[in-house]
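Me: I am new to reading protein models and would love some help. Could you take a close look at a single part and explain it in plain words?

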Amino acid sequence: MSELSRRLTESADERLARLAAEAAEGPTISTAEYSKRSRRSFLTGAVAAAAGIAGFRAIQNRPLDGRTPDVLRKGYEWNEFVWETLGSQSKLAPTYALADATSIRVNGRLGLPDNYDLSTYELTVKGINDEVLETFDLEGMRTLINSFPQVDVVMEHKCIEGWSAKPRWGGAVFADFASRYADDVPSTYGYVAMETSDARYYVGVDRATMLNRQSLLATKLGAEDLSLAHGAPLRLATPHKYGIKSIKQIATIRFTNERPDDYWAERGYTYWAGF
Ligand SMILES: Nc1nc2c(c(=O)[nH]1)N[C@H]1C(S)=C(S)[C@@H](COP(=O)(O)O)O[C@H]1N2
Ligand SMILES: [Mo]
């Protein structure tokens, strides 16, 4: 059974056990720091105005859904609505001179099996009814990405754990890739879902962010091809979301109207994860 079908068919108890095991893999963050950030996000989202600061005490006693008090989860949904309305995802983030690029640590290996054999890589592109639009083997994917204008840019990468870096990414603009499917995918789709070959890491990102020309399908870090640890052969790079959304080793790209499953959102992090 694939990881994906296991996730879809597991019982509630199995799901809890799996979440606990997977959460142990990180990103790690102390409980105190996490609740501090949750609170900050809660406040920035202007939920404070709606809920009243006095309500915060009560939140501590609310039932837990995963690791996040349910009211905070609602706060995240509200945040998403506010951010979407503000339209921050259509602005451009700062870029930096190539000489100012920094190295970036390896952070997060979910969905990146040890000894992954790149020659088995396959990219599947799916439309809004889950239909397969195209598949590419490794060389096919490289040829595809190289057929688009190449970007070589330094942008900030912010990890939700509190560190940032200025990696230099090379690859194609996602919007150029998406335009290849303009005849197959209605332009009103809501999200892009992406997952690793083993489906153990998966993200959903709203269409406006994906179509921002700084959202890249990267094949290079610095002047080199991505290493396996940094997400070879293909990863997302975007300065508009926290690093949790910049999925490494993308094997499926699916255009969809429904909000896709998202690994860290399921574990209580913000779904929007943008700024
Ligand atoms: N497949 C996969 N992609 C992932 C992760 C992961 O665990 N698995 N972690 C995310 C997080 S939290 C961050 S900060 C960035 C880190 O990218 P880097 O390892 O290239 O620094 O990858 C993101 N993409
Ligand atoms: Mo991260």
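Reply: Here is a walk around one residue, H230, and then the ligand beside it.

A little background comes with it. This is a predicted model, where local features need pLDDT of at least 70 and side-chain atom pairs count only at pLDDT 80 or more, while totals for chains, interfaces and linings use all residues. Residues are numbered from 1 along each chain as its sequence is written, chains are lettered from A and ligands numbered from 1 in the order in which they are written, and side-chain values use heavy atoms, with hydrogens and water left out.

H230 sits in the loop that links β13 (224–225) to β14 (235–237); strands are DSSP runs of E, at least two residues, numbered from the N terminus. With a relative accessible area of 11%, H230 is buried, meaning under 20% with a 1.4 Å probe, protein chains only.

Beyond its neighbours within four places in sequence, H230 is in contact with I104, R105, V106, L221, R235 and K248; contact means heavy atoms within 4.5 Å. From I104, the backbone oxygen lies 3.4 Å from a polar atom of the H230 side chain.

Now to ligand 1. Of the 20 residues around it, H230 is among those that come nearest, along with R105, L110, R235 and K248; near means a heavy atom within 4 Å. A backbone N or O atom of L110 lies 2.7 Å from a nitrogen atom of ligand 1, and a polar backbone atom of S246 is 2.8 Å from a nitrogen atom of ligand 1. The protein covers 99% of the 530 Å² of accessible area that ligand 1 has on its own, by the Shrake-Rupley method with a 1.4 Å probe.

Conventions:
Helix = DSSP H or I, 4+ residues; strand = E, 2+ residues; numbered from the N terminus. Buried < 20%, exposed > 50% of the residue type's maximum accessible area, 1.4 Å probe, protein only. Polar contact = N/O pair within 3.5 Å; in protein donor to acceptor, adjacent residues only side chain to side chain.
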